[in-house]
Each structure stands twice: as structure tokens, then as C-alpha cells.
Amino acid sequence: MTDSTRPYLRRIIWPVILLVVLLASCASWSTPTPPLGADSPLPVREGTSYFSVGSATYRALAQVDVAKVHRLHSVLVGIDGEIVLERYYNRRDEGSIHDIRSATKSITAILVGIAIDRGIVSGVDQPVAEILQPAYPDIEIPEDLTIHHLLSMSPGKDCDDWDRRSPGNENRMYRTRDWTEFFLSLDQVAAPGEVGSYCTGGVVALGRILELSLDTPLDDWADEVLFKPLGIRNYQWEYYQRGRGVDTGGHLHISPRGLMALGFMLLQRGSFAGERIVSAEWIDDMWTPRGDLSGQMYGYLWWPQEVDYGFGPVQVLVARGNGGQNLFLVPSLSLSVVVTTGYYNDPRSAVSDQIFFNAILPDVLDIDSASGNSERKLKGVYL
């Protein structure tokens with residue numbers, strides 16, 4: 001190992017720790033779900049494999065091919081708006097939809113941006129009480145609690161999904177009827193914006209804010225302004241309150257190709273097939289670090305970070321979900337990577353990060369050529 005690789009290896013420790021901490025709520029090794037619709041085709045680069053024999057990505061997937069038992073479900077790599085690698089496992093295929101858990105939150109952030117772009121909500125500084133107080137007149141909502149605080153996980157409520165003892169832990173919320181009411185009723189233990197803690201309830205409240213601001217059901221609106229323009233038809237929300245509330249905090253079922261289409265749109269600065277979906281300004285806002293959660297940078301429901309293999313920092317944006325459901329974006333490389341697994345509530349979900357950070361990203365960066373070394377310096381245990 002060279003000194004130039006050590007800073008990166010120190011950085012790669014955090015995603016593994018983070019993934020262990022994120023393990024919460026209902027474990028399952030799910031069976032494939034039949035397609036609910038047909039997503040529009042995405043461009044695929046034909047011809048010779050992008051990753052050569054002997055590359056770290058080739059070796060990682062070779063390990064998967066020979067493994068007798070594993071829970072990897074998909075690995076997709078897109079570069080310059082084209083899919084250059086697409087692999088499925090465990091009876092999955094391009095039509096299988098997947099429970100992406102908290103990666104749903106990052107999609108909710110996109111919907112909030114679209115709502116702001118269209119004037120449906122006034123902006124991130126709009127007080128939550130302006131929209132939610134009439135619907136919950138018996139709950140005192142702090143006047144200084146804003147949409148910004150819900151997006152940045154800093155509402156100051158007694159809510160921490162990473163602490164099972166927390167009164168606002170998501171597993172307690174799931175046992176109630178109205179999840180937004182549950183969140184708003186939590187004690188205020190800090191001023192909004194003062195501290196950060198991972199709280200799914202606040203993201204559910206964001207969905208309720210959108211719903212009350214619209215003149216159409218939230219799921220129908222999301223389909224019209226986001227999913228349909230991207231050609232995403234094969235997806236399904238989860239609901240609460242007997243089907244009246246959309247679970248914007250998690251459990252969206254979507255195909256890996258659907259996630260890839262979202263990635264392509266974001267890397268194209270909010271446009272897709274010539275149509276403007278969301279403003280480039282909002283994408284910058286989402287990906288700007290707003291604070292930290294357990295020592296890791298957090299934006300507006302996205303995980304922005306920089307990694308350095310010894311040749312300068314590289315910006316990576318991640319939508320993360322329990323069990324290794326990840327969409328990785330690297331704008332400087334026009335790189336979009338989707339990895340899904342069945343390792344819900346299992347530390348082995350770290351395989352998603354290992355495949356991306358220890359194989360795919362170094363290969364695309366061409367670390368060996370840059371360092372003048374003929375042997376890979378970054379190793380990873382993939383399964």
C-alpha cells in the first residue's frame with residue numbers, strides 16, 4: 001500500500017460504519033416483485049465491455065459469479081448518459097422493482113425542488129406551521145421550524161432513527177396511524193437548526209406539506225412532474241394512514257433502471273430528453289453540505305462527500321437506503337452507479353460501497369494509469 005492510498009482507505013471506513021448504523025426497520029430477503037409497468041428504454045453502449053478483464057470491477061463481479069450464496073440483486077453503471085454495465089442476480093432482471101428504503105428520501109428532495117421551482121411552496125425558508133398548523137390545530141408547531149430544517153434533518157425534535165430508545169424512532173412511528181401527527185407531537189429538545197439527527201418522521205412531514213400545497217394527490221402529481229417525464233412506469237409508493245398518506249420517507253419500490261434514469265437526469269443538471277424536470281440551482285442546493293450526521297456530511301436528503309485516492313478530491317453524491325440500496329453519482333465523470341441488494345438490516349450491505357468505492361470508481365478514474373502502477377493498490381472484500 002502506498003502513502004497516496006491511505007487517505008482514501010481512512011475515508012472509506014465511514015460508509016461501512018454508516019451502513020451498520022442505518023440498519024433499522026423490518027428485515028427481509030425479499031423475492032422478486034413482478035413489474036408494475038414498463039419503463040422506457042435507456043441508452044445502452046454496445047460492443048466491448050467497458051471494464052477490461054483484470055480490472056477491479058471485473059474481479060469483483062467474478063467473485064459474485066462464483067459465489068454459491070449471496071444477496072446482491074443488481075449492479076448498473078452509466079457513463080455519459082449510457083448504460084455500460086448491467087448485471088442482475090438472484091432471479092432479478094431489468095423489470096424487477098426493488099424496495100429502496102431511505103433512498104426514497106433523496107427522491108422526495110427532488111420533488112420538493114420541483115414544488116419550489118413551480119411556486120407550489122415558497123422556498124426552504126417557508127415556516128412549516130404556515131402549511132401544517134391548520135391541519136393539526138391541537139399541536140403547537142414552532143414558528144421558526146422551516147422546510148430547510150426538515151430537508152437537512154435538523155428540526156430539533158426528540159427523534160433519532162439510529163437510537164432505538166428515541167421517542168421519535170421510525171419503528172415507533174410505523175405503529176401509529178398518522179405519521180405526520182406523530183412527528184409534530186414529539187418534544188422539541190433543541191432549537192431548529194441547532195443539531196442534526198436522522199429522523200424519517202420529518203421527511204414524511206415534507207410529503208404532507210407537499211400534499212396540502214397541491215390541488216391533486218401527491219402520488220399523481222409526482223408521477224406527472226417526475227416519473228412520467230423520465231419514462232419511469234415500473235414503480236410503487238408505500239402508504240400510511242390507511243392509504244391516505246404517501247410514505248415519502250422510505251419504501252418506494254422502483255427498478256434499478258428507474259434509479260438510473262433519475263441519475264442521468266441529475267447529472268444532466270435537471271434535464272432529461274430535452275425537458276426541464278428540476279432546476280440546476282435546486283440540484284446544487286440539494287448537494288450542498290448543510291451539516292453533519294454522526295460525523296458525515298449531509299445535504300438536503302442526500303449524502304455529499306469527497307474521496308481522495310491520492311490524486312485530488314472527487315465529489316460523490318449518494319442516495320442511501322437500508323440494505324445497500326444506493327445510487328452513486330459523480331458529476332465530474334458523468335458517472336451514475338446503481339447497486340441493490342437484499343442485505344436489509346445486515347452489515348454485509350457494505351458490499352454496495354465496496355463495489356463502488358474499491359472497484360468501479362477507481363476503474364473509471366483509471367487509478368493505475370494515473371499512478372504508473374501496474375498492480376491495483378486498492379483492495380476490497382466484495383462478498
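# A tour by helix, pocket and ring

Start at G119, which follows helix α3 and has a positive phi, near 75°. (Helices, H or I and at least four residues, and strands, E and at least two, are DSSP runs numbered from the N terminus.) The model is a predicted one, in which local features need pLDDT of at least 70 and side-chain atom pairs count only at pLDDT 80 or more, while totals for chains, interfaces and linings use all residues. Residues are numbered from 1 along each chain as its sequence is written, and side-chain values use heavy atoms, with hydrogens and water left out.

## Two helices

Step back from G119 and select residues 103-117, which make up α3. From first C-alpha to last, the 15 residues of α3 reach 22 Å, close to the 21 Å expected at 1.5 Å a residue; the expected span is 1.5 Å times one less than the number of residues. Colour α3 by accessibility: 14 of its 15 residues are buried (buried is under 20% relative accessible area, exposed over 50%, partly exposed in between, with a 1.4 Å probe and protein chains only).

Next select residues 351-365, helix α12. This helix also has 15 residues, and its first and last C-alpha atoms are 20 Å apart, close to the expected 21 Å. Centre the view on F357, where α12 has a kink of about 30°; the bend at a residue is the angle between axes fitted to the seven residues ending there and the seven starting there. Because 13 of the 15 residues of α12 are buried, the helix is largely enclosed by the rest of the structure. Just past its end, select D366, with a positive phi of about 55°.

## Positive phi in loops

Go to N90, in the loop between β2 and β3 (98-99). N90 is not a glycine, yet its phi is positive, about 55°. Its relative accessible area is 26%, so N90 is partly exposed.

Then select R101, in the loop between β3 and α3. Here too a residue other than glycine has a positive phi, near 45°. Is R101 buried or exposed? R101 is buried, at a relative accessible area of 5%.

## The largest pocket

Display the largest pocket, with a volume of about 220 Å³. (On a 1 Å grid over the protein atoms alone, a pocket is an open set of points with protein on both sides within 12 Å along at least five of seven lines, and lining residues have an atom within 4 Å of a point; points are joined across faces, edges and corners, and the volume is the space filled by probe spheres set on them.) Select S49, Y50, F51, V84 and L85, the closest to the pocket centre of the 17 lining residues. Two elements, α2 (56-66) and β2 (82-88), each give two or more residues to the lining. By class, the lining holds nine nonpolar, four polar and four charged residues (Ala, Val, Leu, Ile, Met, Phe, Trp, Tyr, Cys and Pro are nonpolar, Asp, Glu, Lys and Arg charged, the others, Gly among them, polar).

## Aromatic rings

Show the aromatic side chains, which form 14 pairs. (Rings of Phe, Tyr and Trp, the last by its six-membered ring, pair if their centres lie within 6.5 Å; planes under 30 degrees apart are stacked, over 60 edge-to-face, the rest tilted.) Zoom to F227 and Y235, a stacked pair with centres 4.1 Å apart and 25° between the planes. F227 is buried at 0% relative accessible area, and Y235 is buried at 12%.

Keep F227 selected and add W237: their ring centres are 6.1 Å apart and their planes at 75°, so this pair is edge-to-face. Because F227 lies in helix α9 (residues 218-227) and W237 in the loop between β4 (235-236) and β5 (239-240), the pair ties together parts 10 residues apart in sequence. W237 is buried, as is F227.

For another group of rings, select W162, Y198, Y298 and W303, which ring pairs link into a cluster.

## Last two stops

Which residue of α9 comes next? Select L218, found in that helix and buried at 4% relative accessibility. Its C-alpha is 8.6 Å from that of R208, 10 residues away in sequence.

Finish at P289, in the loop between α11 (280-287) and β10 (291-293). P289 is partly exposed, at 41% relative accessible area. Add G299: the two residues are 10 apart in sequence, and their C-alpha atoms are 4.3 Å apart.

How values were computed. On a 1 Å grid over the protein atoms alone, a cavity is a set of points where a 1.4 Å probe fits but cannot get out, and a pocket is an open set with protein on both sides within 12 Å along at least five of seven lines; lining residues have an atom within 4 Å of a point.
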